[in-house]
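Dear colleague,

Please find below the sequence and the structure for your examination. A summary of the findings follows them.

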Amino acid sequence: MRASQLWRFFCVVPPGHEAAALEEFQAKSSMLSSYPLTATAINGGLELETSCEIGRGLVHVLKIPTRVLIRLKTFPARDFPKMYNALRDLPWNQWLQHPTPTLRVSAHQCRLIHTGRVEEAFHEALKAAHQRQPFSTRYETEKLAPDLLLIRGDNDQWTISLDLAGDALYKRGEFAGKGEAPIRETHAAAVLWHLFKDYQGPAVMLVDPMCGSGTLLREAVNFFQPTQNAFAYLTSPVNKGVAPWKTKSTMNSWPIEAALGFDINSELVNKLKGEEKLKFATHDVLQNPTIPTAGAPCWLISNPPYGDRLAVAQGLKVFAEKLSHSLSLYHPARAAFIVPQTFPSITLAGLKLYQAYPFSNGGIAVEARVFR
């Protein structure tokens with residue numbers, strides 16, 4: 001595959017985060033390419049056209065998308081013989097590392113609505129293609145995992161996309177331990193984007209008073225650091241002949257002087273690994289809402305416990321009032337809380353609710369309430 005060949009890429013984004021994902025892409029495009037790149041936000045993600053050399057960098061650089069797909073082929077098909085013929089004649093051995101890929105099929109307003117039959121047609125066509133143009137035995141000797149293909153039908157137009165990530169991108173590979181009901185890294189990155197958006201002031205002390213697994217703070221300090229997982233594209237034929245990816249430029253991180261995480265679960269806190277700017281401690285901020293003295297402005301961010309996911313003995317209204325009182329004593333300059341959309345009001349002295357940003361977290365309708 002020529003490094004300069006243009007391909008269509010699609011970054012899968014959790015619903016509601018598309019605008020934030022586009023702004024992240026625009027902010028980080030210099031890490032991907034030395035010339036300007038343009039992407040378009042649509043429902044469910046971002047679309048752009050670029051070379052494989054540049055497009056594979058999307059999995060390293062972007063923190064809000066959950067997957068990055070490369071569009072292999074789009075073709076019309078209203079009956080199974082036509083679909084079979086179209087699939088059989090494609091150059092699969094130039095795209096796939098394994099002869100039996102994993103399939104995810106969806107269909108919307110298509111005559112071929114039976115997704116199970118679409119899968120059967122695909123496997124039959126791929127078997128015939130393999131007989132005509134045999135796959136390399138590399139997948140056996142190197143024990144390569146099956147590729148993930150997404151097949152989507154929309155008004156009888158079928159698009160085949162190859163996943164470049166492997167594991168979903170919210171699996172950063174940095175920390176295996178999780179507390180109860182953690183926030184996904186991709187959601188955390190989107191909320192952090194809204195918290196820091198447009199900020200050009202001095203360095204801040206970012207505090208998560210109920211940090212759990214520390215996801216929000218880790219995402220904050222690593223937001224501009226490329227992810228270096230064992231991505232699926234690294235062993236894929238689409239990466240053949242292309243030099244190893246590396247960032248085109250480095251970027252300054254958000255102005256965070258220190259990131260402090262507190263939690264009452266000492267067993268979990270003891271598992272958390274601190275970094276240069278990242279520290280964790282066992283502490284009950286509702287009983288003793290104090291922070292170390294520092295000259296930097298204090299910002300708060302948290303995904304506190306709430307009735308939908310953890311038991312709150314005193315009831316949500318009392319809990320919200322106590323949370324508001326205790327955290328106001330931090331005198332925060334900005335704050336963001338991820339809570340159910342029905343969660344009682346949180347009030348912070350000196351701050352106003354700037355934005356209520358809705359999304360779904362594990363099937364729960366939540367919102368990020370950003371205060372300034």
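At which residue does helix α1 bend, and by about how many degrees? In this predicted model, α1 covers residues 18-32, and the bend, of about 40°, is at Q26.

**Two helices and their packing**

The buried residues of α1 are E18, A20, A21, L22, E24, F25, K28, S29, M31 and L32. These buried residues pack against three strands, namely β2 (39-42), β3 (45-51) and β13 (353-361), and against the helices α2 (52-55), α3 (58-61) and α7 (185-196).

Helix α8, residues 215-222, is mostly covered, with eight of its eight residues buried. They are T215, L216, L217, R218, E219, A220, V221 and N222. The partners of these buried residues include helix α7, against which the buried residues of α1 also pack. The other elements packed against by the buried residues of α8 are the strands β8 (204-208), β9 (256-263), β10 (278-282), β11 (298-302) and β12 (334-340).

**A buried glycine in a loop**

G57 is placed in the loop between α2 and α3, two helices against which the buried residues of α1 pack. Its relative accessibility is 0%, and G57 therefore counts as buried. Apart from neighbours within four places in sequence, the contacts of G57 are L32 and W245; L32 is itself one of the buried residues of α1. Along the chain G57 and L164 are 107 residues apart, yet 9.9 Å separates their C-alpha atoms.

**Q97 and the largest cavity**

Q97 belongs to the loop between α4 (80-88) and β5 (102-108). Is Q97 buried or exposed? Q97 counts as buried because its relative accessibility is 8%, and the limit for that class is under 20%.

Two polar contacts of the Q97 side chain may be noted. One reaches the backbone oxygen of A145 at 2.8 Å. The other, of 2.6 Å, joins Q97 to the side chain of T235. With neighbours within four places in sequence left aside, Q97 is in contact with R138, Y139, L144, A145, D147, A232, T235, S236 and P237.

Q97 also takes part in lining the largest cavity, together with D147, L148, L162, D163, L164, A232, Y233 and S236. Among these lining residues, D147, A232 and S236 are also contacts of Q97, while L164 is the residue whose C-alpha atom lies 9.9 Å from that of G57. The space in this cavity is about 50 Å³, and the structure holds one cavity of 30 Å³ or more. Sorted by class, its lining comprises five nonpolar, two polar and two charged residues.

**The second largest pocket**

The second largest pocket holds about 370 Å³ of space. It is lined by 17 residues, of which F10, R71, R152, T159 and S161 are the closest to its centre. At least two lining residues come from each of the strands β1 (6-12), β4 (67-76), β5, β6 (148-154) and β7 (157-163). Which strand gives the most to this lining? That strand is β6, with four residues. The lining of this pocket has seven nonpolar, four polar and six charged residues.

Yours sincerely

Technical notes
Residues numbered from 1 in each chain as written. Predicted model: local features only at pLDDT ≥ 70, side-chain atom pairs only at ≥ 80, totals over all residues. Heavy atoms only, no water. Bend = angle between axes of the 7 residues up to and from the residue. Buried < 20%, exposed > 50% of the residue type's maximum accessible area, 1.4 Å probe, protein only. Contact = heavy atoms within 4.5 Å. Polar contact = N/O pair within 3.5 Å; in protein donor to acceptor, adjacent residues only side chain to side chain. 1 Å grid on protein atoms, 1.4 Å probe; cavity = no way out; pocket = protein on both sides within 12 Å on 5 of 7 lines; lining within 4 Å. Points joined across faces, edges and corners; volume = space filled by probe spheres on them. Nonpolar A, V, L, I, M, F, W, Y, C, P; charged D, E, K, R; others polar.
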